[in-house]
Amino acid sequence: MRPAQRIGWVQHVNGWTDFCGVHIEVDPGVFVPRRRTEFLVQQAAALVRDGGRPSAGAGGEADPEEGREAGSGAEAVVLDLCCGAGAVGAAVAAAGPVELHAADIDAAAVACARRNIAPLGGRAYTGDLFTPLPPALRGRVDLIVTNAPYVTSDESVRLPLDVRLYEPRAAFDGGADGLELHRRLIPEAAAWLAPGGSLLAELHPAQTSQAARLLSAAGLTPRVSTSPSLDATVIAGTKRSE
């Protein structure tokens with residue numbers, strides 16, 4: 001696996017961190033967003049501008065000059081799943097108006113997320129994956145973004161000491177191959193996506209082939225994007241338009 005991007009305990013002491021230029025409150029024991037994950041935000045923001053659909057030729061870093069035309073329609077519905085402090089959702093919403101929802105199983109993380117996304121009109125829910133979401137969201141989400149844990153259990157025990165001491169293991173330990181949660185998340189995602197909507201997930205490059213098979217089995221068309229500058233990989237799965 002790639003080297004961990006170390007985050008010291010200073011963010012927990014200060015009570016906040018900067019992520020994509022957005023002030024994110026982070027309480028002790030809550031996962032601190034990494035700079036690598038800014039690529040997930042870039043990819044998500046580009047899809048929001050395109051109505052939740054991948055642009056032709058997409059696959060690398062987002063072009064900030066490309067975007068949805070003004071007045072092109074209603075706000076995109078965005079779900080930040082396994083949201084932690086809500087940093088990804090907040091950064092996507094800060095890039096343009098969206099209807100933002102977020103969910104996480106960790107109540108402490110959701111408390112942070114509520115503070116971070118409420119000023120942007122977002123709502124946060126506590127529960128396992130899609131379980132706590134309002135049923136009315138089913139089939140109308142344009143974009144699901146997730147930084148669900150994807151570090152393997154073997155690698156988790158070898159992460160830097162500050163990570164293991166100050167951040168919850170459940171926020172980064174993804175099981176034997178790092179995809180334990182994705183095996184549950186991906187099959188459920190298609191039912192919540194609107195036609196033409198997409199699921200975006202940050203992964204390690206070695207996991208993309210297996211994740212692509214999971215997406216295809218769920219009826220989602222996979223696409224992998226990378227950012228050498230951020231050492232980041234994002235896989236997208238797009239639902240067929242009706």
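**Asking how we know: strands, helices and a buried leucine**

Colleague: What makes β9 largely enclosed by the rest of the structure?

Modeller: Seven of the eight residues of β9 are buried, so the strand counts as largely enclosed. Buried means under 20% relative accessible area, while exposed means over 50% and partly exposed lies in between (1.4 Å probe, protein chains only). Please keep in mind that this is a predicted model, in which local features need pLDDT of at least 70 and side-chain atom pairs count only at pLDDT 80 or more, while totals for chains, interfaces and linings use all residues. Residues are numbered from 1 along each chain as its sequence is written, and side-chain values use heavy atoms, leaving out hydrogens and water.

Colleague: Thanks! How do you know that β8 and β9 pair?

Modeller: Two strands pair if DSSP finds at least two bridges between them. β8 and β9 have eight bridges, in the antiparallel sense, so they meet that definition. As an example, Leu220 has Lys239 in β9 as its bridge partner. The two strands form a hairpin with four residues between them, and Asp231 in the turn has a positive phi of about 50°. Strands and helices here are DSSP runs, numbered from the N terminus: E with at least two residues for a strand, H or I with at least four for a helix.

Colleague: Which strand does β9 join through six bridges?

Modeller: That is β7, and the two run antiparallel. Ser198 stands opposite Thr238 in β9.

Colleague: Why are β5 and β8 called edge strands?

Modeller: Look at the whole open sheet of seven strands, whose order is β5-β4-β3-β6-β7-β9-β8, with mixed pairing. β5 (123-126) and β8 (220-227) each pair on one side only, which makes them the edge strands. At the β5 end, four bridges join β4 (residues 98-104) to β5, and these two run parallel. One of the partners to look for is Tyr125 in β5, paired with Ala103.

Colleague: What makes you say that helix α8 packs on the sheet?

Modeller: Helix α8 (residues 208-217) touches β7, β8 and β9, where contact means heavy atoms within 4.5 Å. Its direction makes about 15° with that of β9. Axes are lines fitted to C-alpha atoms, for helices over the stretch in contact, and angles run from 0 to 180 degrees between N-to-C directions.

Colleague: Is Leu179, in the loop between α6 and α7 (182-192), buried or exposed?

Modeller: Its relative accessible area is 0%, so Leu179 is buried. Leu179 touches Gly174, Leu203, Gln207, Gln210 and Ala211, not counting residues up to four places away in sequence. The C-alpha atoms of Leu179 and Ala211 are separated by 7.8 Å, although these residues are 32 apart along the chain.

Colleague: And why is Ser227, in strand β8, called buried?

Modeller: Ser227 has a relative accessible area of 1%, so it is called buried. The C-alpha atoms of Ser227 and Glu38 are separated by 10.0 Å, with their positions 189 residues apart along the chain.

Colleague: One last helix: what makes α3 largely enclosed?

Modeller: Seven of the nine residues of α3 (residues 87-95) are buried, so this helix is largely enclosed by the rest of the structure. Among the buried ones are Ala87, Val88 and Gly89.
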